[in-house]
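Okay everyone, thanks for coming. Let me put the sequence and the model up on the screen, and then I'll walk you through it.

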Amino acid sequence: MEYSENNINLTLLLNDLVKINNDRYEGYRKVEQQAKGNTNLQSIFKDKSQQSLAFTVELKQHIKSLGHDYNNDTTFAGKVFRVWMDIKNTFKPNNTTSILDSCEFGEDAAIKAYDSALRSDTEISAEIRQHILEQQTAIKKSYDLIKRYKDLNLNLSKYNKGLT
């Protein structure tokens, strides 16, 4: 089967988004473990890791419909970042602000990847573009939620320090 250049480019674009969602999944699984004792955050992190799995399934279906194989890997940058998270957690275990900083950073990277995909010169069908936009919107909502929790945690920390 012969593929057009656009078909190949679209597959590469979608595979990049699969990798980003694999990074999100791995990252949220890691912080879920680090957030021991905070069932609220653990629940959010579990939900976001499951969201990433659902996104990858949808993206992989699009890749398969294009006649290609999908990539199950994560990005190199994501791997390095997770190692950095481990190192930070060694020195400041279960630090909620640090955990939320990591999540915020990861969500920002995912949003940028989706922005890049949507701005790409690659021709994207209306259906696939709509799915990418829906996923990006959900990730932006996740970013906003993480940011709110981080801000709340910082304000509580300042308040508690003022009491002592």
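So, going from the N terminus, the elements of the chain run α-α-α-α-α. That comes to 5 helices and 0 strands. Please keep in mind that this is a predicted model.

A couple of overall numbers. The chain has 164 residues, and 42% of them count as buried. And if you take the contacts between residues at least 6 apart in sequence, 82% of those join residues at least 24 apart.

Let's start with H1 and helix H4, which is residues 96-119. How do their axes cross? They come within 10 Å and cross at roughly 170°. Anything over 145 degrees counts as roughly antiparallel, so H1 is roughly antiparallel to H4.

Who makes that contact? On the H1 side you have Leu13, Leu17, Ile20, Asn21, Arg24, Tyr28, Val31 and Gln34. On the H4 side, look for Ile99, Cys103, Glu107, Ala110, Ala113, Tyr114 and Ala117. Sorted by class, the contact has 11 nonpolar, 2 polar and 2 charged residues.

Now hold on to Tyr28 from that list, please. How many aromatic pairs does the structure hold? Just 1 aromatic pair, and Tyr28 forms it with Phe45. The ring centres are 5.8 Å apart, with 35° between the planes, and the pair is tilted. Why tilted, and not stacked or edge-to-face? Because stacked needs planes under 30 degrees apart and edge-to-face needs over 60, and the angle here is 35°.

This pair also links distant parts of the chain. Tyr28 sits in helix H1, residues 5-34, while Phe45 sits in helix H2, residues 39-65, and the two are 17 residues apart. Are these two buried or exposed? Tyr28 has a relative accessible area of 3%, so it's buried. Phe45 has 0%, so Phe45 is buried as well.

While we're on H2: this helix has 27 residues and reaches 39 Å from its first C-alpha to its last, close to the 39 Å expected at 1.5 Å a residue. After H2 comes Gly67, and its phi is positive, near 90°.

Let me finish with two more spots involving H1 and H2. Gln50 is in helix H2, and at 42% relative accessibility Gln50 counts as partly exposed. Remember Arg24, from the H1 side of the contact with H4? Gln50 and Arg24 are 26 residues apart in sequence, yet 9.6 Å apart in space, C-alpha to C-alpha.

The other spot is Asn22, over in helix H1. Buried or exposed? Asn22 has a relative accessible area of 11%, and the cut-off for buried is under 20%, so Asn22 is buried. Its C-alpha is 9.4 Å from the C-alpha of Phe55, which is 33 residues away along the chain.

That's my tour. Feel free to spin the model around while we talk.

Technical notes
Residues numbered from 1 in each chain as written. Predicted model: local features only at pLDDT ≥ 70, side-chain atom pairs only at ≥ 80, totals over all residues. Heavy atoms only, no water. Phe/Tyr/Trp six-rings, centres within 6.5 Å; stacked < 30°, edge-to-face > 60°. Helix = DSSP H or I, 4+ residues; strand = E, 2+ residues; numbered from the N terminus. Buried < 20%, exposed > 50% of the residue type's maximum accessible area, 1.4 Å probe, protein only. Axes fitted to C-alpha atoms, helices over the stretch in contact; angles between N-to-C directions. Parallel < 35°, antiparallel > 145°, perpendicular 65-115°, else oblique. Contact = heavy atoms within 4.5 Å. Nonpolar A, V, L, I, M, F, W, Y, C, P; charged D, E, K, R; others polar. Expected span 1.5 Å × (residues − 1).
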